[in-house]
Amino acid sequence: MRAAAFASRNTKEILRDPITLSFGIGFPLVLMILLSAINSSIPEEANMTMFRIDRLAPGISVFGLSFLSLFSSMLIAKDRSTSFMLRLFTSPIKPAEFIIGYLTPIIPMAMAQSAICYLFALIYGLGFSVNLLAAVIVNLPVALFFIALGLLLGSVLNEKAVGGICGALVTNLSAWFSNIWFDTSMVGGAFSKIADVLPFSHAVAAARAAASGDFGAIFPDLWWVIGYAAVCLAAAITVFSVKLKKN
């Protein structure tokens, strides 16, 4: 009940910021428009499939979720900078309930963002099938990872710092190591090895497998993402607990 009440308050805070909501949904769609235009100008004999809509849409849907890190980190960092958080620290609410209260209202936003991305891709020739629903569901652990990462960073950094870390670093890491814009295996070396260790390329691979109906290929890539999400969520609860005791 306490987590639900806190989640309700955070939902109202999210709805008071329509600009951020619009950016999180709109920017991935703009990227899809631009990259689809580039794809249409590439001759078929080039055999360039990276920006083909059936590969591009899952990648864009995952990349769009990276902005949730900024959204969740700003939400918790902003609260930490006000007397509101100090008042909450005196309440009986537990650290896990705090994190759940921040996490819960962002999940529907993430699922809606993924669904809109795939629906928009239909305009550019993506085939409609039940596989798209599976692809949206596969994006749930991906969203949990990005949200939990944002909550972890927002628990230790101030509002200005999370803007730089989540707004620039996390989104750029997601872009570079995700296999969306280029194949990291073609780069090779340490870059490819780092891409294999980080969860971004695994998230895109799982999303592409789900969207294409190749359900057997979703795992183990999705397990990799789930593992990162679990670690970040546990770390966020632990760090917030330490902050709670300290204050």
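**Note on helix packing and selected residues**

1. α2 passes α7 in a right-handed crossing, and this is a convenient place to begin reading what is a predicted model. Helix α2, covering residues 18-40, and helix α7, covering residues 106-121, pack at an angle of about 25 degrees, with their axes 10 Å apart. That angle makes α2 roughly parallel to α7, since angles under 35 degrees count as roughly parallel.

2. On the α2 side of this contact stand Leu21, Gly24, Ile25, Pro28, Leu29, Met32 and Ile33, and these meet Met109, Gln113, Ile116, Cys117, Phe120 and Ala121 in α7. Sorted by class, the residues of the contact of α2 with α7 comprise 11 nonpolar, 2 polar and no charged.

3. A second helix pair is formed by α4 (residues 67-80) and α8 (residues 131-156), whose axes come within 7 Å and cross at roughly 30 degrees. The two helices are therefore roughly parallel to each other, and the crossing of α4 and α8 is right-handed. From α4, the residues Leu68, Ser69, Ser72, Ser73, Ile76, Ala77 and Arg80 take part, and in α8 they meet Ala143, Phe146, Ile147, Leu149, Gly150, Leu151, Gly154, Ser155 and Val156. The residues of this contact between α4 and α8 divide into 9 nonpolar, 6 polar and 1 charged.

4. Asn139 is also placed in helix α8, and with a relative accessible area of 0% Asn139 is buried. Leaving aside its neighbours within four places in sequence, Asn139 is in contact with Ser61, Val62, Leu65, Met111, Ser114, Tyr118 and Ala207. With one of these residues, Ser114, Asn139 makes a polar contact from side chain to side chain, at 3.0 Å. As for separation along the chain, Asn139 and Val225 are 86 residues apart in sequence, whereas their C-alpha atoms are 9.8 Å apart in space.

5. Helix α6, which spans residues 95-103, has 7 of its 9 residues buried, so this helix is largely enclosed by the rest of the structure. The buried residues of α6 are Pro95, Glu97, Phe98, Ile99, Gly101, Tyr102 and Leu103, and a reader checking the helix may wish to note that Glu97 is included in that list.

6. Thr171 has its place in helix α9 and is buried, its relative accessible area being 7%. The side chain of Thr171 reaches the backbone oxygen of Ala168 at 3.2 Å. Beyond its neighbours within four places in sequence, Thr171 is in contact with Phe63, Ser66, Phe67 and Cys166.

7. Asn179 is found in the loop between α9 (159-176) and α10 (184-187). Is this loop residue buried or exposed? At 19% relative accessibility Asn179 counts as buried, because the limit for that class is under 20% relative accessible area. The side chain of Asn179 reaches the backbone nitrogen of Thr184 at 2.7 Å, and Thr184 appears again among the contacts of Asn179 that remain when neighbours within four places in sequence are left aside, together with Met50, Ser201 and Arg208.

8. Two backbone features deserve a separate remark. Most residues other than glycine have a negative phi, and most peptide bonds are trans. Phi of Asn179, however, is near 65 degrees, which is a positive value in a residue other than glycine. A cis peptide bond joins Phe219 and Pro220, with omega at about 10 degrees, and Pro220 lies in the loop between α12 (200-212) and α13.

9. Lys243 is located in helix α13, which runs over residues 221-246. At 23% relative accessibility, Lys243 counts as partly exposed. The C-alpha atoms of Lys243 and Ala161 are separated by 17 Å, and these two residues are 82 residues apart along the chain.

Notes
Residues numbered from 1 in each chain as written. Predicted model: local features only at pLDDT ≥ 70, side-chain atom pairs only at ≥ 80, totals over all residues. Heavy atoms only, no water. Axes fitted to C-alpha atoms, helices over the stretch in contact; angles between N-to-C directions. Helix = DSSP H or I, 4+ residues; strand = E, 2+ residues; numbered from the N terminus. Parallel < 35°, antiparallel > 145°, perpendicular 65-115°, else oblique. Left-handed = near helix turned anticlockwise from the far one by under 90°. Contact = heavy atoms within 4.5 Å. Nonpolar A, V, L, I, M, F, W, Y, C, P; charged D, E, K, R; others polar. Buried < 20%, exposed > 50% of the residue type's maximum accessible area, 1.4 Å probe, protein only. Polar contact = N/O pair within 3.5 Å; in protein donor to acceptor, adjacent residues only side chain to side chain.
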